[in-house]
Amino acid sequence: MATSGEQAERVGTVRWATFAGVCVLALVWSAYSVGAQNGTFLTQDFGAQYHLAKMTAHGAIPLVDFEHGWNAGSFWVSAVLYWIASGSPTIWYFLWGRLLGAGLGAVLAAAIGLRLRLHPAVMIALALGVLLLATPLHIKYTICLLWVFVLLPVGPLESRPRLAAAARVLLPALVFWQYVELAVLLTGASGLFELFARRAVPWRTRILNCVQLAGGFVLGLVVQAMAYRVLWGLSFADFNRQVILGQTETHEGSQYAVWNFFDLPTESGRFFILALYPFALLIPFVPLVWQRVSDSTRLVALAGLVLVVVPIRRVDNPHTTTVSALVLLALVLAVAELYERRTSLEAGVRAPAIALPLAAAGAAWAAATLWIGFGLQSMAGAVLLVALAVAGAVLGSTFLRGAVAAVSAGALVVLGGVPALAAVDHLGDMRRDAKSFAVSDSIVRWAGPEYERCSGGTREALVMPNYLELYDTLEITNPTPYYLFHYDFAQYEDVLVPQLEDGSIPVIIETMPLHTPQPWLTDAIRANYVPCSVVRIEKQATTVTIWTHKSRGRVEQRDLSVRGGEIVATR
C-alpha cells in the first residue's frame with residue numbers, strides 16, 4: 001500500500017480487473033435490488049424528490065433547502081435523470097437511488113483502492129462493505145465518497161500543486177451547488193485534515209490549503225446568488241433570507257437524539273450498524289492507530305467523523321447506514337495498514353511502568369467522547385464529539401510517546417467493551433421480554449380443558465401444523481411419525497389417509513391453517529372427524545380446533561371465545 005506522497009507502484013492488471021468486476025457487480029446489484037415503485041413510494045420522501053425532479057424538468061425554479069442539504073444543482077441533476085427515465089418513477093429511482101447511490105458508492109470505494117494501490121482483496125472488501133452494509137440511500141451520500149476520492153493526498157494532487165489547488169477550490173463550490181449540508185461538513189473535515197492530520201507539509205502550505213477550501217465554498221455561494229439574481233430575478237436580500245438567515249434559526253422539527261447504547265432500536269434487521277457505529281467511528285482516532293495510519297486514511301476518517309451530525313440528529317438505520325461508508329472505509333484501511341506495518345508496530349510498543357493509570361486515562365477519554373458526543377441533545381454534542389476525537393488523536397499520538405500503547409489499550413477496551421456488554425444486555429432483555437411460548441401457553445390454558453373433555457382420557461393426539469411443544473405441555477403422544485406439514489407432505493397421503501379413516505388417530509389439535517394447502521388432508525379430516533371444540537383466543541389471534549374421530553360416538557360441540565381473560569360461548 002502506498003503511503004502519502006508515494007505512488008511508485010503501478011496499478012497492475014489484477015487491480016484493474018478487480019475494479020472492472022466491482023463495476024459489473026454494482027450495476028447488477030443496483031438493478032436487481034429495485035422493486036417496482038407504486039403509489040406508496042410517491043407519497044414518501046423519495047416520491048417528493050421524484051416530483052421535484054419532474055417540476056424542475058418542466059421549468060420550475062430549483063428549490064434551495066438548506067435544512068436537508070438539497071440545493072439547486074441537485075434538482076437539475078434529478079431533472080436530467082427524470083428525462084433519461086422518461087418519467088418512470090421506477091427507472092428514475094434506479095438511477096437516482098440505487099445506481100448513483102449504493103452502486104456508485106461501491107465503485108468509488110474500489111476506485112479509492114486503485115488510487116491507494118490496495119491489495120485486490122481489500123478493494124473487494126471496501127466495495128462489498130459499501131454495497132451491502134454501509135449502503136448510501138441515494139446520490140446525495142455518494143458525494144462523501146467522491147470528495148475523499150478526489151482529495152486523497154496521493155498521486156497527481158501531491159505532485160501538481162496547481163491541480164491540487166484547483167481541486168480544493170472547485171470541489172467545495174460544486175458540492176455547494178448540489179448539497180449544502182455536505183459542502184459545509186466536508187469542507188470542515190478537509191480543513192481539520194490540513195491543520196491537524198497532514199504530515200511533512202509546511203504550516204504555510206496547510207493554511208493556504210484551508211483558504212482555498214473556504215474560498216471554494218464562498219465561490220459556490222456567490223455564484224449561486226448571482227445565478228438566482230440573473231436567471232430568476234431573486235433579490236440578494238430574498239436569497240440571503242432564504243439561504244442564510246432563515247436557515248440559521250432553530251426549527252421546531254429539529255431533532256437531536258440521545259444515543260442510548262444499551263437500548264437501541266432493532267428495526268430493519270441491522271441492529272449491528274446502530275450498535276457499532278459510535279465505537280467504530282472513534283477507532284481510527286485512538287492515538288496508537290492515528291499515529292500509524294497514512295494521511296489518506298486520516299482524511300477518510302475525518303470525513304466520516306464530521307458526518308456524525310446526521311445520525312445524531314436522527315438515530316435510525318437509514319441515516320446511520322447511509323453515512324457509515326466512510327467509517328467503514330477508514331476501519332478497513334486502518335486494519336490493512338496496521339497489518340502491513342505490524343513488525344514496526346510490535347517493535348514500537350513499550351509497556352510503561354504506570355500502564356494501569358494510563359490505560360484508565362485512555363478509557364476516560366473514550367468514555368467521555370462517547371457520552372458527551374452522543375448524549376447531548378443539541379448540535380453541541382456533534383461539535384464536542386469532533387473536538388474530543390481530534391484532540392485525543394493529535395495530542396495523544398504527538399506527546400504520549402512510550403505511553404501511547406497503554407492509553408490506546410484503555411480506549412480500545414471501552415470502544416470494544418461497551419458494545420460487547422450492550423450486546424449481552426440486549427440478549428438478556430430479549431430473554432426476559434420474549435414471549436417465546438406465549439401462544440402455546442395460552443392454548444394450554446384455554447384449550448387444554450376442552451382437549452380433556454373431548455379426548456375422553458386418551459393421551460394420543462396429532463398436533464397440526466405448529467406449536468409442537470403442546471405434546472409436552474399437554475402430556476400427549478403422536479400416534480404417527482409425522483410432525484412437519486411441509487409443501488410436499490402429499491407424498492404421505494397413501495399412509496396417512498387410512499389412519500384418518502380407521503380412527504388410529506383419535507384426536508387432532510389444529511392450531512392454525514396449513515402454511516401450504518393440502519386439500520387431501522383437510523378433506524379427509526372433515527370427512528372422518530367432528531369439531532368437538534373451537535376455541536378462539538382473541539388476544540393471540542389464534543383459533544384452536546379440537547377434532548375427534550366419528551368412531552368415538554356423539555360429542556357435545558362447543559364454540560368458545562376468550563375475551564378479557566374470560567372464556568365465553570361464541571354463539
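**View 1. Strand 3 and strand 4 form an antiparallel pair joined by 8 bridges.** Two strands count as paired if DSSP finds at least two bridges between them. Strands (E, at least two residues) and helices (H or I, at least four) are DSSP runs, numbered from the N terminus. This is a predicted model, in which local features need pLDDT of at least 70 and side-chain atom pairs count only at pLDDT 80 or more, while totals for chains, interfaces and linings use all residues. Residues are numbered from 1 along each chain as its sequence is written, and side-chain values use heavy atoms, with hydrogens and water left out. The bridge partner of V534 is T545 in strand 4. The hairpin of strand 3 and strand 4 has 4 residues between the strands, and A541 there takes a positive phi near 50°. Of the 8 residues of strand 4, 7 are buried. Buried means under 20% relative accessible area, exposed means over 50%, and partly exposed lies in between (1.4 Å probe, protein chains only).

**View 2. The open sheet has 6 strands in the order 1-2-4-3-5-6.** The pairing in this sheet is mixed. Strand 1 (462-464) and strand 6 (566-569) stand at the edges with a single partner strand each, so one side of each has no neighbour in the sheet. From one strand to the next, the twist averages 20°. Angles run from 0 to 180 degrees between N-to-C directions, and axes are lines fitted to C-alpha atoms, for helices over the stretch in contact.

**View 3. Strand 2 pairs with strand 4 in the antiparallel sense and with strand 1 in the parallel sense.** Strand 2 covers residues 507-510 and strand 4 residues 542-549, and 4 bridges join them. V507 stands opposite T548 in strand 4, and I508 stands opposite W547 in strand 4. Strand 1 and strand 2 are paired over 3 bridges. Here V463 stands opposite I509 in strand 2.

**View 4. Helix 22 (residues 438-455) packs on the sheet.** Helix 22 touches strand 2, strand 3 (529-537), strand 4, strand 5 (558-563) and strand 6. Contact means heavy atoms within 4.5 Å. The direction of helix 22 makes about 150° with that of strand 3. Helix 25 (residues 519-528) also packs on the sheet, touching strand 1, strand 2, strand 3 and strand 4. The direction of helix 25 makes about 110° with that of strand 3.

**View 5. Y50 and W92 form an edge-to-face aromatic pair.** A search of the whole structure finds 22 aromatic pairs. Rings of Phe, Tyr and Trp (its six-membered ring) pair if their centres lie within 6.5 Å; planes under 30 degrees apart count as stacked, over 60 as edge-to-face and the rest as tilted. For Y50 and W92 the distance is 5.7 Å centre to centre, with 70° between the planes. The pair links distant parts of the chain, since Y50 is in helix 2 (residues 45-57) and W92 in helix 4 (residues 89-116), 42 residues apart. Y50 is buried at a relative accessible area of 6%, and W92 is buried at 0%.

**View 6. F176 and F217 form another edge-to-face pair.** Their ring centres are 5.1 Å apart and their planes stand at 85°. F176 lies in helix 8 (residues 161-178) and F217 in helix 10 (residues 203-232), so the pair ties together parts 41 residues apart in sequence. F176 is buried, with a relative accessible area of 1%.

**View 7. One aromatic cluster includes W70, and K140 lies over the face of W70.** Other members of the cluster include F46, Y50, F75 and W92. K140 is 5.1 Å from the ring centre of W70. A charge sits over a ring if NZ of Lys or CZ of Arg is within 6 Å of the ring centre and within 35 degrees of the ring normal. The charged end of R206 sits over the ring of W203, 4.7 Å from its centre.

**View 8. Helix 10 has 30 residues, and its end C-alpha atoms are 43 Å apart.** The expected span is 1.5 Å times one less than the number of residues. For helix 10 that gives 44 Å, which agrees with the model. Among the buried residues of helix 10 are R206, N209, L213, G216 and G220. Helix 10 is followed by G233, whose phi is positive, near 70°.
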